Amino acid sequence: MSDRARTTVDSLRSVELAAVAEEVASVLRHDLRNKLAAIRNAAFYVRRRLAKTEAWTADSRLDEMSDVIQKEANASNELLNQTLTLKHLFARAVARIDARECVRQAIACARIPREPALRVELDAHAGEVDVDPSELTLAIRCLIENAAEAMEGVGVIEVRARSSESHYIVEVADHGPGIAATECALVLKPFHTTKKGHAGLGLNIAARVAQRYRGRVAVGDRPSGASVAIHLQLPDATHAL
Amino acid sequence: MTTAAEGHEKYGVLVVDDEPAVLLTMERLLSDDVVLTTCDTAERAIELLQTTAFHVVVSDFNLPGLNGNQLFERVREQPEYTSRLLITGSDDYEQPTGGERHYVLLKPFDPERLVTLVMQLGRVAEMKRAVKRLGSSLGEKTS
């Protein structure tokens, strides 16, 4: 491996680690905030009801304990919010780039079986987007690796990339078993996976990257013969206001 | 909606959240002051909107199936103005672009703030509906 290729792989690795850490932390923050919301609501309700009773006036420790619950819940939320600063540890280098280069880079770096077992067919057109290229490469790589896993490493992955109206769309289609209608809404949920030994974060990381640059990831229309197509859509920089 | 002891109409409020403990505690907080209906999916909320003109819809953002923003698109199509309050614990929630914006409360919110906000949003819906009725009635008289 050349020095340049090694540097690219190392850079992608660090972006991937940052993305996984950010995803896990974000999911934990979300879930814990839900728990804290329930605790704060319940504590407030109990206090409001008990404060009207003789027991409350007779025993000052009830007020004291109620205060502890509320203050500790607030402090826990503050701790969670402090972890938001971790988001800034990864310095992004946003630039106007040809997204096609990220598509090519993602295919080259994807951790997937290679020919003859698995073949990636590419039809990519140029298109300018404003992103950190390492992050976009990672997002597309996640879609490709997800497709390869769906096909258990055998078959053809179709990657198409083009500008369409005001967006640049990367479509990754596979010929695996497909997604049941009931699963469509779940595939972008963190930790959702039907594959043993997988964390279920790949599509979620891709979606978070897309969202960061005002784009989205969604299950899209399938090309003829394919069983699933995931679309990553970003605003086309040449159409920006 | 039912009539309160003070003679005021209680606001009809629909709360949608798939987290059982959050839904239960919000129900307990609000049920003294409003006529409350709860459910845990946007799809069920849309069914309820077909039969009831709520003053306020309070919804979590992350729901199984349709999310809170998508639910609010349907709420906006209601014939009567309905206030919308989104609650979320997500770091990076963003209002949808275009269209009318809705109110947002971040979890874990101050419970007292929730009650106050829901009552204010109930009043907003009531006033907007009254203005619309007045406009229609004036239109009928002048035509």
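**Chain B and its contact with chain A**

Let me start inside the sheet of chain B, where strand 3 (residues 56-60) and strand 4 (residues 83-88) pair in the parallel sense over five bridges. Within that pairing, Val57(B) stands opposite Arg84(B) of strand 4. Before I go on: this is a predicted model.

Those two strands belong to an open sheet of five strands in chain B, with the order 2-1-3-4-5 and parallel pairing. At the edges are strand 2 (35-39) and strand 5 (103-106) of chain B, each of which pairs on one side only. From one strand to the next, the twist averages 20°. As a reminder, strands of a sheet pair through backbone hydrogen bonds, in either a parallel or an antiparallel way.

Now the chain as a whole. Chain B has four helices alongside its five strands. Along the sequence, the pattern of chain B reads β-α-β-α-β-α-β-β-α. Of the contacts in chain B between residues at least 6 apart in sequence, 56% join residues at least 24 apart.

On dimensions, the C-alpha atoms of chain B fill a box of roughly 50 × 40 × 25 Å along the principal axes. The radius of gyration of chain B is 16 Å, which agrees with the value near 15 Å for a compact globule of 143 residues. Buried residues account for 32% of the 143 residues in chain B.

Next, a helix pair. How do helix 2 and helix 3 of chain B pack? Helix 2 (residues 42-51) and helix 3 (residues 68-76) of chain B pack at an angle of about 10°, and their axes are 10 Å apart. Angles under 35 degrees count as roughly parallel, so helix 2 and helix 3 of chain B are roughly parallel to each other. Helix 2 of chain B brings Ala42(B), Ala45(B), Ile46(B) and Leu49(B) to the contact, and helix 3 of chain B brings Gln70(B), Leu71(B), Arg74(B) and Val75(B). By class, the residues of this contact are six nonpolar, one polar and one charged.

Last, the other chain. In the contact between the chains, 18 residues of chain A meet 18 residues of chain B. On the chain A side, the elements that give two or more residues are helix 1 (3-50) and helix 3 (60-82) of chain A. Helix 1 of chain A supplies the largest share of that side, 13 residues. The side of chain A that touches chain B has nine nonpolar, six polar and three charged residues.

That is what I have for today.

Conventions. Residues are numbered from 1 along each chain as its sequence is written. Chains are lettered from A and ligands numbered from 1 in the order in which they are written. This is a predicted model: local features need pLDDT of at least 70, side-chain atom pairs count only at pLDDT 80 or more; totals for chains, interfaces and linings use all residues. Two residues are in contact if their C-beta atoms, placed from the backbone, lie within 7 Å. Ala, Val, Leu, Ile, Met, Phe, Trp, Tyr, Cys and Pro count as nonpolar, Asp, Glu, Lys and Arg as charged, and the others, Gly among them, as polar. Axes are lines fitted to C-alpha atoms, for helices over the stretch in contact, and angles run from 0 to 180 degrees between N-to-C directions. Angles under 35 degrees count as roughly parallel, over 145 as roughly antiparallel, 65 to 115 as roughly perpendicular and the rest as oblique. Two strands pair if DSSP finds at least two bridges between them. The radius of gyration is taken over C-alpha atoms; the globule rule is 2.2 Å times the number of residues to the power 0.38. A residue is buried if 20 or more other C-beta atoms lie within 10 Å of its own, exposed if 12 or fewer, and partly exposed in between; C-beta atoms are placed from the backbone.
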